[in-house]
Number of protein chains: 2
Amino acid sequence: MTNGPIAAGLPESVIMLVFMFKHRMVKTLAEAGADVSVMHVRTLKTIACLGPSTPAELAEALQRDKAQITRLVKPLIEQSYLVKSPHPTDKRSHVVALTRTGLELMERIAKAERIILERMTEGMLASEIEQFNALAVRMQRNLADRQHPACAPRDAC
Amino acid sequence: MTNGPIAAGLPESVIMLVFMFKHRMVKTLAEAGADVSVMHVRTLKTIACLGPSTPAELAEALQRDKAQITRLVKPLIEQSYLVKSPHPTDKRSHVVALTRTGLELMERIAKAERIILERMTEGMLASEIEQFNALAVRMQRNLADRQHPACAPRDAC
DNA sequence: CTGATTTCGTTGATAGAGTCAACGATCTGG
DNA sequence: CCAGATCGTTGACTCTATCAACGAAATCAG
């Protein structure tokens, strides 16, 4: 029934990895003078990936509470990285889309993130990186709530 | 100079994986009636690994601010999972150690965590799990601050 | 030894991240 | 049309994280 011995350090190593990655991102963003947090960056990336989106769509894609989406999007609109337009068919809702400024910010961020990723994967084969990513996705899907269709596997962008 | 194309989804997949793992841990801990957070669990595990430790040692092992260690340890002492004893040679410091109650809690937590890990690694080969873990450790070390000796690679327990 | 500096853990302040409950507005199905 | 579901927002709260300042103790220089 089991998969044999499970590496006890598995959670630790990944938690630490993510912590360090976020840590570097925060520092890099601060140095770049971008007044956004890691979650703001993930929000922007998700919108770049999905196209103009409703808060509900972002909440599903990021697996976050809709309340948090509201609070993430607000400063991004204030800083003109996003624009809010009324939803075409549902007056309760609206869609947020990247502005030109938002796209420019994302380009700067992508450049910074690329440097971090290159350092992170230093000395690793492309095939190793690819496999690591694939395994992360598999485990993520294994942990997803199977009862809840919204948590079904999503394709990368 | 580069490693070729870097999977753009790498940060996303790992961030999401860690988020989901923590999410399950929080739920599991609540169900088990353990009034501790994920960081509390990591603190206990670190002490179990290192043995009786000073806050400074925990801060280094967990890569967290010493202030946060103070705040993590406090409720664990209040709940009698840890005991604080004076440091043998340094009157400024002290050591925290697991109590019998703390060890019992850790056993319960280990059992719960094992279930999560089995689900997470469902359908994966032991070799895949092992390799994933090894790659995570390598990337974590690549990101560690090389100037700062405290961030040097640590052996697992 | 003595004084200057450093280090130890604690505390306060602040910010980010995440969750839950409630609400008004709107949509939808009967 | 009306009852119930859904949308985004807000309030309140917890956990996580960081930085600066502090008293106490250790250490180092002279």
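Q: In this predicted model, how many charged residues does the surface near DNA strand C have?
A: Let's sort that surface by class. The surface near DNA strand C has seven nonpolar and seven polar residues. The class asked about, charged, comes to seven.

Q: Which helix gives the most to the surface near DNA strand C?
A: Several helices chip in here. H2 (38–50) and H4 of chain A each supply at least two residues, and so do H1 (10–31), H3 (55–62) and H4 of chain B. The one that gives the most, with three residues, is H4(B).

Q: How many residues surround DNA strand C?
A: Both protein chains show up among the closest ones. From chain A these are A:Ser37, A:Ala67 and A:Lys91, and from chain B they are B:Ala56 and B:Ala67. The number of residues surrounding the strand is 21.

Q: What span is expected for H1(B) at 1.5 Å a residue?
A: H1(B) has 22 residues. The expected span is 1.5 Å times one less than the number of residues. From its first C-alpha to its last, H1(B) reaches 32 Å, which is close to the expected value of 32 Å.

Q: Which helix of chain B is included in what covers the buried residues of H1(B)?
A: H1(B) has plenty to cover: its buried residues include B:Leu10, B:Val14, B:Met20, B:Phe21 and B:Leu29. Chain A helps out with its helices H1 (10–31), H5 (100–120) and H6 (126–143). From chain B, the cover includes helix H5 (100–120).

Q: Is A:Gln63 buried or partly exposed?
A: A:Gln63 sits in the loop between helix H3 (55–62) and helix H4 (66–78) of chain A. Its phi is positive, near 55°, though the residue isn't glycine. A residue needs 20 or more C-beta neighbours within 10 Å to be buried. A:Gln63 has 16 inside 10 Å, so it counts as partly exposed.

Q: Is B:Ser80 buried or exposed?
A: Look in the loop between helix H4 (66–78) and strand S1 (82–86) of chain B. B:Ser80 is another residue other than glycine with a positive phi, near 65°. The cut-off for exposed is 12 or fewer C-beta neighbours within 10 Å. B:Ser80 has 12 other C-beta atoms within 10 Å, so this residue is exposed.

Q: What kind of axis relates chain A to chain B?
A: Chain A can be laid on chain B by a turn of 180° and a shift of 0.0 Å along the axis, with an RMSD of 0.0 Å. So the relation is that of a two-fold axis.

Q: Which residue of chain A has the C-alpha nearest the axis?
A: We're after one C-alpha in chain A. The nearest one lies 2.9 Å from the axis, and it belongs to A:Phe132.

Conventions:
Residues numbered from 1 in each chain as written. Chains lettered and ligands numbered in written order. Predicted model: local features only at pLDDT ≥ 70, side-chain atom pairs only at ≥ 80, totals over all residues. Helix = DSSP H or I, 4+ residues; strand = E, 2+ residues; numbered from the N terminus. Near = placed C-beta within 6 Å. Nonpolar A, V, L, I, M, F, W, Y, C, P; charged D, E, K, R; others polar. Contact = placed C-beta atoms within 7 Å. Least-squares fit on C-alpha atoms with pLDDT ≥ 70 in both.
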